[in-house]
Amino acid sequence: MTHVRLSDVTRTHGEGAATVHALQHVTLEAGTGELLAVMGPSGSGKSTLLNLAGGLDRPTSGTVHIGEHDLATVRDLAALRRRTVGYVFQDLNLIPSLTAAENVMLPRELDGARPRRARQEAMTALADIGVDHLADRFPDELSGGQRQRVAIARALIGERRLLLADEPTGALDTGAGDDILRILRERADAGATVLLVTHEPRYAAWADRVVFLRDGRIADTTDTTGTPLTSTR
Ligand code: ADP
Ligand code: MG
């Protein structure tokens with residue numbers, strides 16, 4: 001079943017001679033249970049693609065669907081995003097005045113979950129990713145890699161069906177990066193749809209498919225089963 005679908009999506013910034021084509025005529029779908037890696041040089045439109053897929057940005061033309069919802073017409077986009085989309089940003093935007101556990105439980109509380117229940121779910125998400133012992137620390141008491149794991153736990157809480165990860169392994173050493181990929185793979189196998197931006201072929205190798213972007217267009221799509229991966233870098 002298709003879970004996220006971009007149909008002939010174009011995103012431009014600016015006007016006239018200064019127009020930047022961040023994404024041009026991209027059609028792409030990812031199904032439930034699918035882990036899709038997005039690769040491509042810096043500036044090729046990877047983050048734009050993820051932002052559009054998660055409803056954080058709107059296309060200049062074309063349509064984006066999550067499940068049966070057309071994001072251009074859905075009534076409460078913020079609620080849909082909170083319930084459905086887990087997003088790991090390139091820069092970790094943890095809230096400094098909240099502990100790790102409070103950061104992770106926040107999306108569930110905003111969604112009306114009882115604090116006790118939200119806290120339990122947060123502890124499970126933190127444990128899944130090996131940082132439950134850091135639950136009561138504040139972001140400035142954590143290392144870069146620890147903060148990244150907390151941000152990932154926040155993206156994973158609440159069984160969200162669409163996970164968008166923009167270079168989630170950036171600040172992590174290889175072993176920790178492998179842990180994150182294993183978790184994303186498990187979530188996909190459990191029925192989530194995962195879009196992963198990565199520069200690393202070793203991480204893209206966990207994906208079912210790899211899409212290569214170049215200058216805002218899909219330059220190539222590779223089915224990873226049995227096909228050796230080539231990086232565009
Ligand atoms: P990537 O994530 O692959 O590095 P991005 O999606 O961030 O690429 O950016 C694609 C292109 O769109 C780049 O040329 C970038 O400079 C441009 N771009 C992205 N966001 C904006 C914006 N808000 N205003 C102007 N240009 C932008
Ligand atoms: Mg980017």
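The points below go through the salt bridges, the ligand site and one sheet of this predicted model.

1. Salt bridges overall. The count for the whole structure is 12 salt bridges. Three pairs and one network are taken up in the next points.

2. Arg209 and Glu34. These two residues form a salt bridge in which the closest N and O atoms are 2.8 Å apart. Arg209 belongs to strand S9 (residues 209–214), while Glu34 sits in the loop between strand S2 (20–31) and strand S3 (35–39), so the contact ties together parts that are 175 residues apart in sequence. Glu34 has a relative accessibility of 16% and therefore counts as buried, the cut-off for buried being under 20%.

3. Arg187 and Asp128. Here the side chains meet in a salt bridge with an N to O distance of 3.4 Å. The pair ties together parts 59 residues apart in sequence, because Arg187 lies in helix H6 (residues 174–189) and Asp128 in helix H4 (residues 115–128). Asp128 is partly exposed, at 40% relative accessibility.

4. Arg185 and Asp189. A further salt bridge joins the side chains of Arg185 and Asp189, at 2.9 Å from N to O. Both residues are in helix H6, and because they are four residues apart there, about one helical turn separates them. Their accessibilities fall in separate classes: Arg185 is buried at 13% relative accessibility, whereas Asp189 is exposed at 57%.

5. A network. Salt bridges also link Arg82, Arg83 and Asp111 into a network.

6. Residues around ligand 1. The shell is made up of His13, Val20, Ala22, Pro41, Ser42, Gly43, Ser44, Gly45, Lys46, Ser47 and Thr48. Sorted by class, these are three nonpolar, seven polar and one charged residues. Strand S2 and helix H1 (46–53) each supply at least two residues of the shell. Helix H1 gives the most, with three residues.

7. Polar contacts of ligand 1. Three distances to oxygen atoms of the ligand can be checked in the model. A polar side-chain atom of Thr48 lies 2.5 Å from an oxygen atom of ligand 1. For Lys46, an N or O atom in the side chain is 2.8 Å from a ligand oxygen. Ser44 makes its approach through the backbone, with an N or O atom 3.2 Å from an oxygen atom of ligand 1. Taken alone, the ligand exposes 560 Å², and 57% of that is buried by the protein.

8. The sheet. Four strands make an open sheet with antiparallel pairing, in the order S2-S1-S4-S5. Its edge strands are S2 and strand S5 (69–70), each of which pairs on one side only. Edge strand S2 is also the strand that supplies at least two residues to the shell around ligand 1.

9. The S1 and S4 pairing. Strand S1 (residues 2–13) and strand S4 (residues 61–66) run antiparallel and are joined by five bridges. Which residue of S4 is the bridge partner of Val4? The partner is Ile66.

10. Places to look in the model. For the salt bridges, one of the pairs to display is Arg209 with Glu34, where strand S9 meets the loop between S2 and S3. For the ligand, the residues to display include Ser44, Lys46 and Thr48. For the sheet, the bridge between Val4 and Ile66 marks the pairing with S4.

Methods: Residues numbered from 1 in each chain as written. Chains lettered and ligands numbered in written order. Predicted model: local features only at pLDDT ≥ 70, side-chain atom pairs only at ≥ 80, totals over all residues. Heavy atoms only, no water. Salt bridge = Lys/Arg side-chain N within 4 Å of Asp/Glu carboxyl O. Buried < 20%, exposed > 50% of the residue type's maximum accessible area, 1.4 Å probe, protein only. Near = heavy atom within 4 Å. Polar contact = N/O pair within 3.5 Å; in protein donor to acceptor, adjacent residues only side chain to side chain. Areas by Shrake-Rupley, 256 points an atom, 1.4 Å probe, with all protein chains shown as cover. Nonpolar A, V, L, I, M, F, W, Y, C, P; charged D, E, K, R; others polar. Pairing = 2+ DSSP bridges.
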